[in-house]
Amino acid sequence: MISAIHRFPDGFLWGTATSSHQVEGDNTNNDWWDWEHQPSRINKGHTSGKACDWWGGRWEEDFDRACSDGQNAHRMSIEWSRIEPNPGDWDEDALDYYRQILQGALGRGLKPVVTLHHFSNPMWLADQGGWTNQEVVHHFEKYVRKTVSSLKDLVKIWVTINEPNVYAVYGYLMGLFPPGRKDLDITLQVVHHLVLAHAAAYHAIHEIDPGASVGMTHYYRGMRPARSMNPLDRWVTGIRHRNFNELFPRAVHEGLIRYLGRKIKVPQAVGTQDYFGLDYYTSELVAFDLFHPKEIFSRGFFPDDAVLSGTGFIMDAPEGLWKALTYAHSFHLPIYVMENGVEDSSDHMRPRYLAHHIRQVWAAVNFNWDVRGYFYWTLVDNFEWERGWTQRFGLWELDTETQERRVRPSANFYGEICKAKGLSSEMVAKYAPEILDEMFPGKGPGELISR
Ligand code: GAL
């Protein structure tokens with residue numbers, strides 16, 4: 001018997017999120033493959049290799065898992081380098097295979113949400129200067145037109161570009177992603193091209209399928225001044241927030257890029273999102289620091305008493321998701337939480353992280369905010385970019401040698417949530433008993449009944 005439950009509406013989307021390069025394997029024709037095979041680019045020299053072997057067909061068994069775990073949606077991405085291996089040369093077999101995958105999702109009751117650009121680029125595009133070359137806008141639009149025209153009967157929710165703020169900063173300012181640049185002017189140029197490409201894709205998709213819902217996903221990092229009353233900490237926190245979290249949402253809302261005091265008008269981008277796609281993982285404290293000029297004289301860090309994930313990458317900070325949802329809500333659009341998750345190979349922290357974050361989403365739904373779905377990152381452990389295989393975000397554990405999957409308790413926990421369309425005190429008592437009192441104050445389920 002359920003004593004207390006945070007219930008979600010019928011029709012709410014419950015899913016997991018993946019991306020092509022991280023799960024497909026053998027993406028030999030893109031810039032990430034090239035990057036992984038250069039010395040010292042990826043932690044421990046890891047490479048994506050076969051990844052989760054989805055291109056070899058293992059998406060079927062993983063979709064079976066998602067489906068029997070009660071999910072009703074899946075967010076995945078299309079690999080541009082497979083669709084257009086050379087400029088203007090369309091691979092119809094690859095498109096057919098994606099069609100098969102999407103039909104496989106739909107056949108299992110998983111509504112597909114499809115991303116068109118998730119960090120990886122065809123090698124030919126990278127060779128032409130990638131996102132620094134304005135030609136990318138035209139190339140991206142052509143690829144989007146081709147892909148969307150072919151798959152429009154199967155997909156109703158499109159994500160044009162995943163986390164453009166992370167993509168621009170990691171690839172062109174911090175040098176962690178290909179092409180490994182560290183140049184502020186180039187970063188601004190890339191930001192401009194990303195906004196232009198998104199706007200072109202948005203208009204093209206609506207021309208092809210007026211009923212489609214189109215947006216992007218925005219990575220939002222919670223930020224708080226390290227010393228709450230310190231004016232310098234407050235000042236740099238504001239700068240970081242505006243130039244990272246707010247950069248793209250504002251640009252595609254008002255058609256104006258504002259980046260570190262510079263402004264670029266992009267009128268064709270005004271109002272080019274039909275929903276707000278939110279990716280949230282963690283929060284940090286921000287302090288003014290003269291020794292970090294490249295980070296605008298600021299430093300982000302976790303507090304000493306933080307509950308941290310396996311490799312110290314993520315702090316369990318659900319209040320940051322609340323802030324992120326509040327920010328997303330200010331745009332008066334439907335909201336999807338398109339990514340949220342934690343790396344935790346032992347599955348020690350994940351159950352509580354899940355409960356904490358799903359509770360924030362529930363609170364927003366109960367404020368009557370138009371939150372329509374939640375996608376956990378990710379279904380099965382996958383290739384985590386510059387961190388390689390050292391971080392395990394999966395509900396299911398992957399043995400990369402044998403391709404064997406093993407269930408983690410969190411898969412069962414999330415499965416129970418999806419099936420019940422809610423998070424109950426029994427579930428929390430079973431999977432994350434250490435936070436039962438905090439989530440459902442003062443009560444084990446028994447106590448609620450006996451009082
Ligand atoms: C996101 C990214 C995903 C995944 C996740 C966890 O920023 O979109 O592809 O890697 O982080 O690291």
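Helices α8 and α9 are roughly antiparallel to each other, since their axes cross at roughly 150° and angles over 145 degrees count as roughly antiparallel. The model is a predicted one. A second helix pair, α13 and α14, packs at an angle of about 25°, and two polar residues, N340 and Q22, are each described below with their surroundings.

**Helix pair α8 and α9**

- Helix α8 spans residues 164-172 and helix α9 spans residues 184-208; their axes come within 9 Å.
- The crossing in which α8 passes α9 is right-handed.
- On the α8 side, the contact is formed by P164, Y167, A168 and Y172, while α9 contributes I186, T187, V190, V191 and L194.
- Of these contact residues, eight are nonpolar and one is polar, with no charged residue present.

**Helix pair α13 and α14**

- The axes of α13 and helix α14 (residues 409-420) are 9 Å apart.
- With a packing angle of about 25°, α13 is therefore roughly parallel to α14, as angles under 35 degrees count as roughly parallel.
- The crossing of α13 past α14 is right-handed.
- From α13, the residues R350, P351, L354, A355 and I358 meet S410, F413, Y414 and I417 of α14.
- This contact comprises seven nonpolar residues, one polar residue and one charged residue.

**Surroundings of N340**

- N340 is located in the loop that connects β11 (335-339) with α13 (350-366).
- Its relative accessible area is 0%, so N340 is buried, the cut-off for that class being under 20%.
- The side chain of N340 forms a polar contact of 3.0 Å with the side chain of Y353.
- Residues up to four places away in sequence being left out, N340 touches Y280, Y281, Y353, H357, Y374, F375, Y376 and W377.

**Surroundings of Q22**

- Q22 belongs to helix α1, which covers residues 20-23.
- A relative accessible area of 0% places Q22 among the buried residues.
- The side chains of Q22 and S19 are joined by a polar contact of 2.8 Å.
- The Q22 side chain also reaches the backbone oxygen of F383, at 2.9 Å.
- When neighbours within four places in sequence are set aside, the residues in contact with Q22 are A51, C52, H118, W377, N382, F383, E384 and W385.
- W377 appears in the contact list of Q22 and also in that of N340.

How values were computed
Residues are numbered from 1 along each chain as its sequence is written. This is a predicted model: local features need pLDDT of at least 70, side-chain atom pairs count only at pLDDT 80 or more; totals for chains, interfaces and linings use all residues. Side-chain values use heavy atoms; hydrogens and water are left out. Axes are lines fitted to C-alpha atoms, for helices over the stretch in contact, and angles run from 0 to 180 degrees between N-to-C directions. Helices (H or I, at least four residues) and strands (E, at least two) are DSSP runs, numbered from the N terminus. Angles under 35 degrees count as roughly parallel, over 145 as roughly antiparallel, 65 to 115 as roughly perpendicular and the rest as oblique. A crossing is left-handed if the near helix is turned anticlockwise from the far one by less than a right angle, and right-handed if clockwise. Contact means heavy atoms within 4.5 Å. Ala, Val, Leu, Ile, Met, Phe, Trp, Tyr, Cys and Pro count as nonpolar, Asp, Glu, Lys and Arg as charged, and the others, Gly among them, as polar. Buried means under 20% relative accessible area, exposed over 50%, partly exposed in between (1.4 Å probe, protein chains only). A polar contact is a pair of N or O atoms within 3.5 Å; within protein, one must be able to donate a hydrogen and the other to accept it, and residues adjacent in sequence count only if both atoms are side-chain atoms.
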